[in-house]
Amino acid sequence: MNKICINSDVHKLIIVYEDDSVVVVNKPKNMLTHHTKYDTDNTVVDYLIHKVNVDEFEDKSRPGIVQRLDRNTTGLMVVAKNIEAYNSLINQISNNTLTKKYLAIVHGKFKKDSLIIKCPIIRSKKNTTKMVVSDDPKAKDATTIIKVLKESNELSLIECTLVTGRTHQIRVHMNFIHHNVLNDPLYGHEDGYKDYDQFLHSYHLSFYHPITKELLEFKSIPDNTFNSVIKYE
């Protein structure tokens, strides 16, 4: 098993691991994963486009992207360099053999050390920039496993394991159970940390290499701002 641990940098994209099939990066704040109709530069795709066999992908706007992090969610993500690696990683996501764990600082304390949130998610009809928990038949199943790591004052440091990967899943689920992510301007409110937004970090990523089948495991320690609130390590 190949295991790599790095320190996060809030300002720049860091390549953590790279070979002929995949590239693993540590994404900073204020960087989109791919282009949107409103933003067309400074994305993860822009930085990695020269490393990916773009012609092999049907969607040329997001070649190799198998997972997406919100603009101001930091941390680890894997990008496929070719269609063979892409298909393998997509299958691993479907089979839950690609593991994604996040650290979040949220408001309030928990009565239990762990819980599982199983609440379907759909795009809000009132505000299309937001997702909401809903019993609408069109809502997609969403499951988040929560483990409480530390508590300080009226805040908690939690580990979130994604069983599914819906848009804004952790932020939506935490809002639903009234434990909003600290400084989340969309689902909660700003808490005085200017230009930082939500305290949410993709800190653990593991998957089987598409070619060698070796288990690769990566860990990213949150940045100094995150650790100044509740220190992870």
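What share of the contacts between residues at least 6 apart in sequence join residues at least 24 apart in the protein chain? The share is 62%, and the legends below go from the whole chain down to single residues in this predicted model.

**Figure 1. The whole chain, with four helices and 12 strands.** Start with the overall picture of the predicted model. The C-alpha atoms fit a box of roughly 50 × 40 × 35 Å along the principal axes. A compact globule of 233 residues would have a radius of gyration near 17 Å, and the chain agrees with that because its own value is 17 Å. Of the 233 residues, 51% are buried.

**Figure 2. The largest nonpolar core, built from 28 residues.** Val44, Val79, Ile158 and Met174 have the most contacts inside this core. Two or more residues come from each of the strands β3 (22-27), β4 (74-80), β5 (99-107), β9 (143-152) and β10 (155-162), and also from each of α1 (44-48) and α3 (169-176). Another core, apart from this one, has 16 residues, including Val16, Val24, Ala85 and Leu98. As background, nonpolar side chains in soluble globular proteins tend to be buried together.

**Figure 3. Val79 and the largest cavity.** Zoom in on Val79: leaving out residues up to four places away in sequence, Val79 touches Ser21, Val22, Val23, Val44, Leu48, Val52, Pro63, Gly64 and Ile65. Val79 also helps line the largest cavity, together with Val44, Val45, Leu48, Ile49, Val52, Pro63 and Ile65. About 40 Å³ of space lies in there, and the structure has just one cavity of 30 Å³ or more. What classes of residue make up the lining of the largest cavity? Eight are nonpolar, with no polar and no charged residues. Helix α1 gives the largest share of that lining, with three residues.

**Figure 4. Helix α3, largely enclosed by the rest of the structure.** Six of the eight residues of α3 are buried, so the helix ends up largely enclosed. The buried ones are Gln169, Ile170, Arg171, Val172, His173 and Met174. Met174 shows up again here, as one of the residues with the most contacts inside the largest nonpolar core. Just past the helix, His178 takes a positive phi of about 65°.

**Figure 5. Two positive phi values in the loop between α3 and β11 (200-208).** Asn183 sits in this loop, and so does Asp195. Neither residue is glycine, yet phi is near 65° for Asn183 and near 60° for Asp195. Which of the two surroundings, buried or exposed, does Asn183 have? Asn183 is buried, with a relative accessible area of 1%. Asp195, on the other hand, is exposed, with a relative accessible area of 70%.

**Figure 6. Tyr102 in strand β5.** Tyr102 counts as buried because its relative accessibility is 6%, below the 20% cut-off. What does Tyr102 touch, not counting residues up to four places away in sequence? The list runs through Gln67, Leu69, Thr73, Ile158, Glu159, Cys160, Leu162, Ile170, Leu200, His201, Ser202 and Tyr203. Ile158 is also one of the residues with the most contacts inside the largest core, and Ile170 is one of the buried residues of α3. For a sense of scale, Tyr102 and Ala80 are 22 residues apart in sequence, and their C-alpha atoms are 21 Å apart in space.

Methods
Residues numbered from 1 in each chain as written. Predicted model: local features only at pLDDT ≥ 70, side-chain atom pairs only at ≥ 80, totals over all residues. Heavy atoms only, no water. Core = buried A, V, L, I, M, F, W, Y, C linked by side-chain atoms within 4.5 Å. Buried < 20%, exposed > 50% of the residue type's maximum accessible area, 1.4 Å probe, protein only. Contact = heavy atoms within 4.5 Å. 1 Å grid on protein atoms, 1.4 Å probe; cavity = no way out; pocket = protein on both sides within 12 Å on 5 of 7 lines; lining within 4 Å. Points joined across faces, edges and corners; volume = space filled by probe spheres on them. Nonpolar A, V, L, I, M, F, W, Y, C, P; charged D, E, K, R; others polar. Rg over C-alpha atoms; globule rule 2.2 N^0.38 Å.
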